[in-house]
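I am opening a notebook page for a structure that I want to read element by element. My entries record what I looked up and what I found.

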Amino acid sequence: MIDVVMPQMGESIVEGTLTKWLKQPGARVNRDEPLFEISTDKVDSEIPAPAAGVLAEVLVEEGKTVAINTVVCRIREGADGQAVAAAPSRPASAPAAPPQPAAPTPAPVREVADEEPAESAGPLSPLVRRLAREHNIDLRQVQGTGAGGRITRQDVEAHVASRGAPVMAPAPIPAMPAHVAAMPVEAPGPPPPPRAEQPKTRLEPMSVMRTRIAEHMILSRRTSAHVTTVHKVDLTAIARLRERLKGEFQARYGYSLTYLPFVCRAAGEALRAFPILNASVEGANILYHNEINLGIAVALDNGLIVPVIRNADERNVVGLQRAIADLASRARSRHLKPDEVTGGTFSITNFGSFGSVFATPIINQPQVAILGVGSVEKTPVVVDDAIAIRSICYLALTFDHRLIDGALADRFCGKVKSVLENWSEQVL
Amino acid sequence: MPSCEVRYMGRIEYDRARAFEQALVEQRKQGSIPDQLLLLEHPPVVTMGRNGRRENLLADEQMLARAGVDFHHADRGGDVTFHGHGQLVGYPILDLREWKRDVVAYVRALEEVLIGTLGAFGIAAGRLHGSTGVWVGDAKIAAIGVHLSRWVTSHGFALNVHTDLQYFRYIVPCGLPRPVTSMQALGSRARLEEVAGVLVEHFREVFGRRMAWRENND
């Protein structure tokens with residue numbers, strides 16, 4: 001078996017990402033045939049097979065980043081156990097060997113012979129070779145603590161210190177083949193090769209979308225003076241309307257009728273009444289937007305996007321529901337057009353659909369307010385001094401206190417509440 | 001001093017240029033030709049690298065086609081990028097075993113060539129830590145994406161000389177939400193050939209190659 005390791009593609013490189021396997025497990029490979037691809041910085045490299053044989057084992061999956069000299073796969077040479085000339089890329093361990101560049105082609109191999117004792121893992125630095133020679137040390141007995149089990153100067157020095165005066169190398173103890181690495185601990189014999197410990201943490205780069213969301217959220221926190229006000233809204237009338245129409249609606253339009261388009265419609269009316277919530281700050285000026293373009297936050301698997309319904313106040317509930325369903329489905333399949341995620345003047349986020357009663361959303365810059373819709377729940381409430389069961393929802397408005405004062409924000413919410421509680425449109 | 005042949009190929013379609021480059025890469029791997037530097041300009045094309053994410057392409061292929069922009073997948077590092085008229089594209093085909101076996105050093109050297117070239121035109125460009133490419137302020141002026149096979153390089157760099165930057169609205173260049181710029185946008189009136197001439201001088205200095213201009217005879 002030949003261990004194929006993540007090659008070091010340059011002096012300062014400590015890890016590489018395996019981007020693509022060009023051969024599948026069980027496939028025959030020829031020596032020098034491209035085996036896998038790795039990526040470091042902005043460079044993609046094809047790594048050829050160091051020997052002919054069968055790709056026996058793939059240890060690192062595509063997309064994973066591993067330290068250099070990590071074993072990424074194993075190749076079983078030849079067919080009848082007879083080793084095919086594997087041409088290890090570093091010279092035999094002649095002490096006088098010149099320093100070897102760290103990244104030879106083909107991929108560096110760590111050969112693990114089945115009977116013959118193998119040399120210690122990883123390439124040896126000239127310094128380590130010299131120290132070993134001077135102290136007459138058998139490097140196979142030194143446990144490496146460097147990257148990929150490599151033997152460092154400190155390892156050799158520690159070994160020398162633990163051994164006391166230099167003596168002749170003892171009879172060679174067979175090095176353990178890699179496949180018995182999982183030997184029971186009480187087994188006598190040489191110390192087991194360093195085992196990769198289960199890491200306590202995992203470092204993973206943020207996706208581009210994640211980076212953008214992070215930047216945007218921090219920018220918004222820095223820009224606006226966020227204040228959130230929460231109003232309780234009785235949606236019983238709309239709940240009844242929805243109950244009555246939802247079957248027919250689903251049958252006629254092919255998507256279900258939710259509470260969200262009603263909230264959008266009410267927000268549109270309230271924004272007409274309080275245009276400062278549909279504005280932006282431009283230097284020392286207030287920029288009023290004459291169009292009401294509602295951003296609707298859509299949760300994705302690993303992120304969030306806010307597509308925009310243009311001129312939302314000109315649409316009825318059916319039109320709004322259609323736009324919401326269409327934008328959400330295209331957001332999830334990543335088919336939004338660039339101009340569908342820009343130009344919003346006010347945003348709505350529907351965290352209620354995930355069970356949240358109320359939350360304090362962050363403003364979508366350069367807007368100055370965002371309305372969060374909590375879950376609609378049947379709740380016992382007091383109506384005319386009697387207890388009644390009503391469909392209650394909390395609406396949370398986060399507003400930018402630079403432009404909007406609390407009283408105004410509450411009047412805006414009052415308007416939204418009044419439209420929703422006194423829903424009069426019999427036609428959607 | 002090892003030599004490097006320079007071929008100025010003018011305007012050439014992405015497909016054709018890549019096929020020509022690939023043929024030279026094979027010859028270079030066999031050692032039958034010295035290092036090469038191809039300099040050229042592509043008609044508008046968006047290319048997606050191996051690590052490219054579809055989300056960084058902001059238009060679908062039909063929209064691109066309507067705008068007269070081609071679309072290709074490319075076997076290079078890096079994310080999505082745009083090439084078009086007024087952009088100096090360089091494809092160095094070097095055997096790094098005869099230079100340094102170090103891909104990071106290679107990418108940094110390409111950046112150095114580009115920074116030196118821009119400096120000669122009075123533009124103070126630099127690196128942005130953690131983001132390969134060449135930057136003026138926080139705007140990207142040159143992109144880098146490289147492929148390596150047996151230490152022989154292909155693909156390379158793209159420097160915006162007088163590129164129409166409007167095209168970049170179709171993509172998130174290299175997957176980074178940062179602006180792009182060009183020499184022209186920064187007030188330079190340099191032409192592509194002029195920039196190519198200066199770049200070859202900086203290439204010679206940084207890579208220590210004797211640059212031999214060749215007529216292009218593909």
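The entries below go from the contact between the chains to the strands, the helix pairs and a single loop residue.

**Entry 1: the model and chain A overall**

I note at the outset that this is a predicted model, and I read every value that follows as computed from it. For chain A I looked up the element count and found seven helices and 20 strands. I then checked burial, and of the 428 residues of chain A, 33% count as buried. I also looked at how far apart in sequence the contacting residues of chain A lie: among contacts between residues at least 6 apart, 63% join residues that are at least 24 apart.

**Entry 2: where the chains touch**

How many residues does each chain bring to the contact? I find 31 residues from chain B and 23 residues from chain A. On the side of chain B that touches chain A, the elements that give two or more residues are helix H3 (103-120) and strand S9 (139-149) of chain B, and S9(B) gives the most, with six residues. Sorting the residues of this side by character, I get twelve nonpolar, nine polar and ten charged.

I then asked which strand of chain A meets S9(B), and found that strand S5 (residues 43-48) of chain A pairs with S9(B) in the parallel sense, over four bridges. To fix the register I looked up one residue, A:Ser45, whose bridge partner in S9(B) is B:Leu148.

**Entry 3: S9(B) within its own chain**

Is S9(B) buried or exposed? Ten of its eleven residues are buried, so S9(B) is largely enclosed by the rest of the structure. I followed its pairings inside chain B next. Strand S8 (residues 131-136) of chain B pairs with S9(B) in the antiparallel sense over three bridges, and B:Val134 stands opposite B:Ala142 in S9(B). The two strands form a hairpin with two residues between them, and in the turn B:Gly137 has a positive phi of about 60°.

The pairing of S9(B) with strand S10 (residues 152-160) of chain B is also antiparallel, with eight bridges joining them. Here B:Ala143 stands opposite B:Ala158 in S10(B). S9(B) and S10(B) likewise form a hairpin that has two residues between the strands, and B:Arg150 takes a positive phi near 50° there.

**Entry 4: a three-stranded sheet in chain B**

I looked up an open sheet of three strands in chain B, which has the order S4-S3-S5 and mixed pairing. Its edge strands, each of which pairs on one side only, are strand S4 (70-73) and strand S5 (80-83) of chain B. The twist from one strand to the next averages 20°. Strand S3 (residues 45-48) of chain B and S5(B) run antiparallel and are joined by four bridges, and for B:Val45 I noted B:His83 as the bridge partner in S5(B).

**Entry 5: two helix pairs**

H3(B), already listed at the contact with chain A, also packs against helix H4 (residues 192-207) of chain B, where the axes come within 9 Å and cross at roughly 135°. H3(B) and H4(B) are therefore oblique to each other, and H3(B) passes H4(B) in a right-handed crossing. Among the residues that make this contact are B:Ala109, B:Val113 and B:Gly116 of H3(B), and B:Val195, B:Leu199 and B:Phe203 of H4(B). The residues of this contact divide into nine nonpolar, three polar and one charged.

In chain A I looked at helix H5 (residues 260-273) and helix H6 (residues 317-332), whose axes come within 9 Å and cross at roughly 115°. H5(A) passes H6(A) in a right-handed crossing. The contact is made by A:Leu260, A:Pro261, A:Phe262, A:Cys264 and A:Arg265 of H5(A), together with A:Val317, A:Leu320, A:Gln321 and A:Ile324 of H6(A). By character I count seven nonpolar, one polar and one charged.

**Entry 6: one loop residue**

Last, I looked up A:Asn136, which has its place in the loop between helix H1 (126-134) and helix H2 (153-163) of chain A. Why does A:Asn136 count as exposed? A:Asn136 has 11 other C-beta atoms within 10 Å, and the class of exposed residues takes those with 12 or fewer. I also noted its distance to A:Val160: the two are 24 residues apart in sequence and 9.5 Å apart in space, C-alpha to C-alpha.

Key. Residues are numbered from 1 along each chain as its sequence is written. Chains are lettered from A and ligands numbered from 1 in the order in which they are written. This is a predicted model: local features need pLDDT of at least 70, side-chain atom pairs count only at pLDDT 80 or more; totals for chains, interfaces and linings use all residues. Two residues are in contact if their C-beta atoms, placed from the backbone, lie within 7 Å. Ala, Val, Leu, Ile, Met, Phe, Trp, Tyr, Cys and Pro count as nonpolar, Asp, Glu, Lys and Arg as charged, and the others, Gly among them, as polar. Two strands pair if DSSP finds at least two bridges between them. Axes are lines fitted to C-alpha atoms, for helices over the stretch in contact, and angles run from 0 to 180 degrees between N-to-C directions. Angles under 35 degrees count as roughly parallel, over 145 as roughly antiparallel, 65 to 115 as roughly perpendicular and the rest as oblique. A crossing is left-handed if the near helix is turned anticlockwise from the far one by less than a right angle, and right-handed if clockwise. A residue is buried if 20 or more other C-beta atoms lie within 10 Å of its own, exposed if 12 or fewer, and partly exposed in between; C-beta atoms are placed from the backbone.
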